[in-house]
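Colleague: I should like to understand how the descriptive terms used for this structure are justified. May I put some questions to you?

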Amino acid sequence: MAKIKVLPNKLINQIAAGEVIERPASVLKELVENSIDAGANRVDILIDNGGLTRIEVIDNGSGMDKDDLETAFIRHATSKITREEDLSSLTSLGFRGEALPSIASVSRVTIKSRTKNHSEGHLLVLEGGELIKRQVVGCKIGTSITVENLFYNTPARLKFMGSARAETQRISALFKQLALSHPNISFRYFRDGKEIALTSGSGRLINAITALFDSKTVKHLLALEHCRNDYRVTGFISDPELTQYNRRNQFFFVNNRAIQDANIRHALESAYGRMLAHRSYPLAFLNITIPPADVDVNVHPTKSEVRFARKRDVHALITAAVQQALANSARLVGDEAAAALDYLPGTTETSGLKEPVRQYQVFNHGTVDSPLDRPSSAVNIAGSAEFPAVSYVQKLAADIEYNRSASVDYAREIPLELSQIMLLGQVHSSFIVIQNKRGMAVIDQHAAHERIIIERLRRKTSEQHIQFFAVPLTLSFARLTSDLIKDYLSELNELGIIMEAFGTNNFLVRGIPDFLAGRLSIDELKETISEVFTNENNVSKWHDNLLISLSCKSAVKIHQTLTREEMLMLITDLANTPNWRFCPHGRPIIWEIPFNDLERKFNRV
Ligand code: ADP
Ligand code: MG
């Protein structure tokens, strides 16, 4: 007697279910993917008891008519592909035609569906894969499907289920993944009757992220966008300040399909380099778009792993995108972080720079020749009537000499943004434009100078150079202000503002920090001091307020022409100043435009 028999359909489906349907979360994944494939823009998900009791998905997609509804439960029945060639140009999430028959074979399924061409819908109930009820019903356009008593007829599988809590956690994680992969769909998630989450369906990833994560997380995200030939990645990563102990919040989507991929993970994490502490992982939401023919989805029944035709290109794409986002980051933690980025145009595969940049050091301004080069104009900084006008260059030259000799900890590494620079010019006497190691950058001259000055003011008097006046200047203030100032005279001295009381409301100013001399009028000094000491309430902040106000008033202004030397000095100083990315008011100082961005702008990559 023959021993080999063809298995009955029901058993075949149960065996297939073992592969596709591992647990409640896998059921949910298949159902929601069907809703997405059906073009829904609203999907409601209802889960009871971790999905072990009930999983329901309601969509407003295309729906199915009477015949399709029954065919859908036949193994390998699918509307998504018809020919072998279709496998290489998949745009749908499903294609195997296995999910519905597999799910139905291990649970009780109730499905209701209606298309826009019919005024009524149809309902089917299947139990263990057997059709037990068929009925015409009234319902909305779309499909709703309820899966109950999962694995009731496969006790072996049931034994492997975690607690309802563990399954709920898996489902919640999956929900995030689904909602993030399709920001154009409004997802609602109910757990044991309670609404847990709702996304807007606005089409913008950041809206979906905001709906699912707390505001603290969102604040630490950096936008990212990068193209290489026909490969493209967009999305968000966390700045190095926000990391986690696991990779749970790393989401990778390839052509809108959520996938797991060690290669992408590796590219992401290694791009952060030394910015990441041991065992800490960044958050990531990466949308990768590549031609469907370059990715094989048909690797695993759950379709969560894919195979890339050009794995190295994907790696290079992610590396470049992440490095660029970190480098551009206005919120980047510090110079160590910038230094950790060893993104060198011309040395990586991703770079567009075919020839090495000429190496310009900040100091070699004598050799710079750019088309924008112009003869040095006269030093153009107005001195006030009271204070001697001293050119910025003279002052800075003295200062730099001083810093070199006196201040050991001032010898910092030059930030990448400001290294190997070539001065290109000044835009409308307001913004300095340079070529740097990675491309180009625009510097707000006022903001940069403010920062330089405030950091100098912060240094101790012992480190300040004071400019003493041959004849002291007299300042008078209102009574209240004068009283307050008297309490703070020694602190003002500490800052290099050498003042003493002279009668009730008058003060003699004998000297000020030399880098302020020629940059600040006596009226401005008076104004600053009276603003800071007007009332007792804000006196606690007098120190910060004074420094901010002094630096703002004495910094070069927007619409002020600078010579090449002055610009180069300013950049040199900035490179040697702590907190050089932001001015004291919190505005950015520098805007870097990497070479890659220029190339992309002109459709060269
Ligand atoms: P696949 O998704 O791989 O095609 P499934 O077993 O998941 O296989 O679904 C079988 C077919 O049922 C699909 O090809 C589709 O035509 C139809 N279908 C399933 N779910 C829905 C839905 N929510 N809305 C409309 N059609 C659906
Ligand atoms: Mg499917």
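Colleague: What makes the approach of ligand 1 to Leu100 a polar contact?

Modeller: In this predicted model, an oxygen atom of ligand 1 is 2.9 Å from a polar backbone atom of Leu100. A polar contact is a pair of N or O atoms within 3.5 Å, so the pair at 2.9 Å qualifies. Two side chains take part as well. An N or O atom in the side chain of Thr78 is 2.5 Å from an oxygen atom of ligand 1, and one in the side chain of Thr143 is 3.2 Å from a nitrogen atom of the ligand. Taken alone, ligand 1 exposes 530 Å², of which the protein buries 91%.

Colleague: Which residues come nearest to ligand 1?

Modeller: There are 21 residues around the ligand, and those that come nearest are Asn34, Thr78, Ser79, Lys80 and Gly97.

Colleague: Why is Asp294 called buried?

Modeller: Asp294 has a relative accessible area of 15%. Buried means under 20%, so Asp294 is placed in that class. Asp294 lies in the loop between strand S15 (284-289) and strand S16 (295-296). Leaving aside residues up to four places away in sequence, Asp294 touches Tyr231, Arg307, Phe308, Ala309 and Arg310.

Colleague: How do you know that the side chains of Asp294 and Tyr231 form a polar contact?

Modeller: They are joined at 2.6 Å. The limit is 3.5 Å, so this distance satisfies it.

Colleague: Why is Asn149 called partly exposed, whereas His559 is called exposed?

Modeller: Asn149 has a relative accessible area of 41%. This value lies between the limits of 20% and 50%, so Asn149 is partly exposed. His559 reaches 63%, and exposed means over 50%, so His559 belongs to that class.

Colleague: Where do these two residues lie, and what is the sign of phi in each?

Modeller: Asn149 is in the loop between strand S6 (142-148) and helix H5 (155-159); its phi is positive, about 50°, although Asn149 is not a glycine. His559 is in the loop between helix H17 (542-554) and helix H18 (564-575), and its phi is also positive, near 65°.

Colleague: What makes strands S18 and S19 a pair?

Modeller: Strand S18 (residues 422-427) and strand S19 (residues 431-436) share 5 bridges in the antiparallel sense. Pairing requires at least two bridges, so the strands meet the condition. One of the partnerships joins Met422 to Gln435 in S19. The hairpin has 3 residues between the strands, and there His428 takes a positive phi near 45°.

Colleague: Why is strand S18 described as mostly covered?

Modeller: Of its 6 residues, 5 are buried. Buried means under 20% relative accessible area, so these 5 fall below that limit. Across the protein, 53% of the 605 residues count as buried.

Colleague: How do you know which stretch deserves caution, given the pLDDT?

Modeller: The protein averages a pLDDT of 80, and 84% of the residues score at least 70. Over residues 330-411, however, the pLDDT is below 50. That score is the predictor's confidence on a scale from 0 to 100, so the confidence for this stretch lies below 50. The stretch nevertheless has 164 contacts in the model beyond near neighbours in sequence.

Key. Residues are numbered from 1 along each chain as its sequence is written. Chains are lettered from A and ligands numbered from 1 in the order in which they are written. Side-chain values use heavy atoms; hydrogens and water are left out. Buried means under 20% relative accessible area, exposed over 50%, partly exposed in between (1.4 Å probe, protein chains only). Helices (H or I, at least four residues) and strands (E, at least two) are DSSP runs, numbered from the N terminus. Contact means heavy atoms within 4.5 Å. A residue is near a molecule or strand if one of its heavy atoms lies within 4 Å of it. A polar contact is a pair of N or O atoms within 3.5 Å; within protein, one must be able to donate a hydrogen and the other to accept it, and residues adjacent in sequence count only if both atoms are side-chain atoms. Accessible areas come from the Shrake-Rupley method with a 1.4 Å probe; for residues, only the protein chains shown count as cover.
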